[in-house]
Protein chains: 2
Amino acid sequence: MNEKKEIETDTMKARKPFRNFPMVPRVVFGRGSFDQLGDILLARRISIDAPMIYLVDDVFEGTELVGRLPVIFQDQVIFISADEEPSTIQVDTLVARIKTDHSERPSGIIGIGGGTLLDLAKAVSVMLNNKGSAAEYQGWDLVQRPSCYHVGIPTISGTGAEVSRTTVLSGPERKLGINSDYSTFDQVILDPDLTEGVPKDQWFYTGMDCYIHCIESLQGTFLNAFSQSYGDKALQLCREVFLGDLPPEESRDKLMMASWHGGMSIAYSQVGVAHAMSYGLSFILGIRHGLGNCLVFQHLQDYYPEGVAQFHRMMVKHNISLPTGVCAGLTEKELDQIVEIALGMVPLWENALGPDWRSKVSREDLKRIYRKI
Amino acid sequence: MNEKKEIETDTMKARKPFRNFPMVPRVVFGRGSFDQLGDILLARRISIDAPMIYLVDDVFEGTELVGRLPVIFQDQVIFISADEEPSTIQVDTLVARIKTDHSERPSGIIGIGGGTLLDLAKAVSVMLNNKGSAAEYQGWDLVQRPSCYHVGIPTISGTGAEVSRTTVLSGPERKLGINSDYSTFDQVILDPDLTEGVPKDQWFYTGMDCYIHCIESLQGTFLNAFSQSYGDKALQLCREVFLGDLPPEESRDKLMMASWHGGMSIAYSQVGVAHAMSYGLSFILGIRHGLGNCLVFQHLQDYYPEGVAQFHRMMVKHNISLPTGVCAGLTEKELDQIVEIALGMVPLWENALGPDWRSKVSREDLKRIYRKI
């Protein structure tokens, strides 16, 4: 899941008071369902001067997908690179541009892409209706006014961003999401055909985002029956996709559903060792979330023996080679710093190892793992 | 599922255009979560004169549950018997009573009970904001104006009514639901503790509503990956509950989630032989949905061999005796009429047996089954 630091408080123990979980109120699933976007948006157009704004991953620039966007009246298509993770400055700039370009506020924001584009669409829709800079809303439940209508259309499966209320942003002071019920999409379109053509490495790392999340939450101590049922299903689908021999279409269908259920399972669960350690890695080395999780998880056989063994079988089956020597150039001081960050993720360790987790993990254990990466 | 006749068109083939499925936008799950109702409603109170109306199954009259209702200001508790299935007259009467009793329109309607009470809460919330009689809205997507805020709190698991957009009503001319996106609850509270104390037979029949639905839809020809993933999970949970040896609390948790996922699976799927035949039984003999499905399903080994064998193991394990001789008193003419109704459910037969279903089932086959009931 692309929740990063905010997993610390935005995923919860399954204890009272129980979270009142916001679900996406509308969802379409089906191969080719992308073409229903025009009809869906028609009912949401406020006026001919209130445009729909399409935020689209720039890998689609010049592709046939763009021709299928239902662009009418004052609608605007903005291509955005997903090479960098989204930032508060990027959100503020986009909001300013949209306000400048149009005489009326938009009828809606449509995010088309992976976790980065979906998070941007969430953040822009929030900031169109709330004053100031996105940086002021990094945190939990700081958003006061409902967001602009927004639609999420994933083109890669595994992040769960399509179903979560989190939007990860790098800010001037910190990397922290806008975690708000107003972030949740008003509409999601799940068209597995859109994930055709994703490069294999990216497909694997992003799928593993879902797989590793499930292993951690299902083996954790914070779970309840709601999250377990979603997590079990997501895990089972990941296994079918990455260890089975499904036809490509069925594989895309199922990975899209795995991501969806994995995102739902976050309601009353928590991640664990891989996310804690991966966060340290991302923070110091700027390694992206999906890859970072894989780099750590491959060495966690002491914590998740079955999950890690299965992960290695998946790597072999799909001929995936993870980068090596990633931590080779780190000084002892930098390594200490990474360990410090990882150990700071208290709820993750508690979920993974129980309340007495401090007696079960040492700084030296973690260093040993990082040195292997 | 408690959708009855409207399953004919309210559950769909997984084909274009794909349904834009309305999901419940807020859900709380947890043992004891019922006590969060007060806080949840507080944010929805329009004024002190705009009451919350609690529609409560009258089996709870005088129980401690009533003392836990957050009744303040002009709030009203109305106890309703679930012995009869809900009717349009009952809905109209309730709406008139609520309008007479209060100077302002309600802030919300809270349905607490099984499928009947949940359906009534949906229908009343629709009719508070739409003119005329509920009978005028029986059908598909006839409701024009959004419903009053409404909350569903199931106290028995299996109907899926907490998550569906259907509300089954007996009307002056026909038994047919108000099928509308506006029927879907704005909030659901899933507190498995509320299902403690349900009589065993009712627990079994209602749970089988979910189980049989899943067997039919998963073995059907209309399925897609979305509905399959939910249906698979619901079925697996039913098996754990009815064939496993779970502690009572875990059993209640899991059956509540089975019902939830079973209701979600309806999005792009269809039921089959048991529902078609059970509908004939309900229509002529007034047999309730859950029991009717069981009465038919026990004899469907030719259509669902594994599902029926497992059903019999569940019956034995829980010492369930179904009524016998139910169709004994029927005349040949009445039997013909039941068969006629059953065979009229074309999409269900097509889902179960494929487009050439007529060559695979005969009137005599069905009569033979009914005679065993």
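Student: Which strands does helix 8 (residues 248-265) of chain A lie across?

Tutor: Helix 8 of chain A crosses strand 2 (26-29), strand 7 and strand 9 of chain A, and runs at about 150° to strand 9 of chain A. Helices (H or I, at least four residues) and strands (E, at least two) are DSSP runs numbered from the N terminus. Axes are lines fitted to C-alpha atoms, for helices over the stretch in contact, with angles from 0 to 180 degrees between N-to-C directions. The model is predicted: local features need pLDDT of at least 70, side-chain atom pairs count only at pLDDT 80 or more, and totals for chains, interfaces and linings use all residues. Residues are numbered from 1 along each chain as its sequence is written, chains are lettered from A and ligands numbered from 1 in the order written, and side-chain values use heavy atoms, without hydrogens and water.

Student: What is the strand order of the sheet that holds strand 9 of chain A?

Tutor: Strands pair if DSSP finds at least two bridges between them. Here the order is 4(A)-3(A)-5(A)-7(A)-9(A)-2(A)-1(B), an open sheet of 7 strands with mixed pairing. Its edges are strand 4 (76-80) of chain A and strand 1 of chain B, each pairing on one side only. Inside it, strand 7 and strand 9 (residues 187-190) of chain A are parallel over 2 bridges, and Val151(A) has Gln187(A) in strand 9 of chain A as its bridge partner.

Student: Where does strand 1 of chain A pair?

Tutor: It pairs with strand 2 (residues 26-29) of chain B, antiparallel over 2 bridges. Pro22(A) stands opposite Arg26(B) in that strand of chain B. The open sheet of 7 strands involved has mixed pairing and the order 1(A)-2(B)-9(B)-7(B)-5(B)-3(B)-4(B). Strand 1 (21-22) of chain A and strand 4 (76-80) of chain B are its edges, pairing on one side only. Helix 4 (residues 88-101) of chain B lies across strand 3 (52-57), strand 4 and strand 5 (108-113) of chain B, at about 160° to strand 4 of chain B.

Student: How is the area between chain B and chain A described?

Tutor: The size of an interface is often given as the accessible area lost when the parts come together. Buried area is that loss with a 1.4 Å probe, summed over both parts. Between chain B and chain A about 3,100 Å² is buried, 55% of it from carbon and sulfur atoms. On the chain B side, Phe18(B), Asn20(B) and Met23(B) lose the most area to chain A, together 19% of what that side buries. With contact meaning heavy atoms within 4.5 Å, 38 residues of chain B touch 38 residues of chain A.

Student: How many salt bridges are there between chain B and chain A?

Tutor: Side chains of opposite charge can pair when their charged atoms come close. The criterion is a side-chain nitrogen of Lys or Arg within 4 Å of a carboxyl oxygen of Asp or Glu. Between chain B and chain A the count is 4. One of them joins Arg26(B) to Asp181(A), with the closest N and O atoms 2.8 Å apart. Helix 7 of chain B gives the most to the side of chain B that touches chain A, 9 residues.

Student: Which parts of chain A does the salt bridge of Asp141(A) with Arg165(A) tie together?

Tutor: The closest N and O atoms of this salt bridge are 2.7 Å apart. Asp141(A) sits in the loop between strand 6 (139-140) and strand 7 (150-154) of chain A, and Arg165(A) in the loop between strand 7 and strand 8 (178-179) of chain A, so the pair ties together parts 24 residues apart in sequence.

How values were computed. Buried area = accessible area lost by both parts, 1.4 Å probe.
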